[in-house]
Amino acid sequence: MTTALRKNRKKRGHVSAGHGRVGKHRKHPSGRGNAGGQHHHRIWFDKYHPGYFGKVGMRHFHFKKNVVHKPTCNVSQLTNMIPETDAASAKVPVVDLTSKGVFKLLGKGFIARPIIVKARFISRIAEKKLKAAGGACVVSA
């Protein structure tokens, strides 16, 4: 915006320029940013941001994310993971989930053909469904 269009041009000659004589237009009268959240702005923080201050839960020193990393896959997805070379043959296909980046096999869905599955973790229901279809489970490290 050009200077000629600014509101201040109209205020020339008026002492306080619209900011009042008593209160005055000062730089940061209540502090910058989130200042005073536990002091003079406490009511506002408690009203609009409850629970902003303080801690919750236990501390976990040296938390390592790779320890709890456990990608999963369901029984219903196994047929898509069968290698193309084994899919057409009459032999029972072997699916190594760990090589595909999946660590745990879960039991959602159903499976029609027998498959041998290698995984680090296999749920109870998934194991039951695989054995019912004539397949097998191999738990690998």
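**Exercise 1. Find which residues I82 touches, leaving aside its neighbours within four places in sequence, then work out where I82 sits.**

Let's start with the contacts. Setting aside the neighbours within four places in sequence, I82 is in contact with A87, P93, V95, R113 and I115. Keep in mind that this is a predicted model.

Next, place the residue on the chain. I82 belongs to the loop that runs between α3 (78-81) and α4 (84-88).

Is I82 buried or exposed? Its relative accessible area is 10%. The cut-off for buried is under 20%, so I82 counts as buried.

Last step: look back along the chain to D46. I82 and D46 are 36 residues apart in sequence, and their C-alpha atoms lie 56 Å apart in space.

**Exercise 2. Work out how the protein chain is built and how spread out it is.**

Begin by counting elements: the protein chain has five helices and six strands. Reading along the sequence, you meet them in the pattern α-α-β-α-α-β-β-β-β-α-β.

Now for the spread. With 141 residues, a compact globule would come out with a radius of gyration near 14 Å, yet this protein chain has 33 Å. The C-alpha trace spans about 95 × 45 × 25 Å along its principal axes.

Then check the surface. Of the 141 residues, 18% count as buried. The accessible surface comes to about 11600 Å², and carbon and sulfur atoms hold 55% of that.

Finish with the contacts. Take those with a separation of 6 or more: 32% of them are between residues 24 or more positions apart.

**Exercise 3. Put the strands β1, β3 and β5 in order and find the edges.**

The order is β1-β3-β5, in an open sheet of three strands with parallel pairing. β1 (72-74) and β5 (121-122) are the edge strands: each has a single partner strand, so one side of each has no neighbour in the sheet.

Zoom in on one pairing. Strand β3 (residues 104-106) runs parallel to β5, and two bridges join them. Here L105 stands opposite I122 in β5.

**Exercise 4. Trace what β4 pairs with, and sort its residues by face.**

Take β2 to begin with. Strand β2 (residues 94-96) is joined to β4 by three bridges, and the two run parallel. Look for V95, whose bridge partner in β4 is V117. You've met V95 before, as one of the contacts of I82.

Then turn to β6. Four bridges join β4 to strand β6 (residues 136-139), again running parallel. K118 has V138 as its bridge partner in β6.

Now sort the faces of β4 (residues 116-119). V117 and A119 make up the covered face, while I116 and K118 make up the uncovered one. So where do the two bridged residues from β4 fall? V117 is on the covered face and K118 on the uncovered one.

**Exercise 5. Explain why C73 and C137 don't form a bond.**

How many disulfides does the structure hold? The count is zero.

To see the reason, use the cut-off: a disulfide needs two cysteine sulfur atoms within 2.5 Å. For C73, the closest cysteine sulfur is in C137, and that is 12 Å away, so it's too far for a bond. Coming from the other end, C137 is in no disulfide, with the sulfur of C73 as its nearest cysteine sulfur.

One more check on C73: its relative accessible area is 3%, so C73 is buried.

Note on methods:
Residues numbered from 1 in each chain as written. Predicted model: local features only at pLDDT ≥ 70, side-chain atom pairs only at ≥ 80, totals over all residues. Heavy atoms only, no water. Pairing = 2+ DSSP bridges. Buried < 20%, exposed > 50% of the residue type's maximum accessible area, 1.4 Å probe, protein only. Contact = heavy atoms within 4.5 Å. Rg over C-alpha atoms; globule rule 2.2 N^0.38 Å. Areas by Shrake-Rupley, 256 points an atom, 1.4 Å probe, with all protein chains shown as cover.
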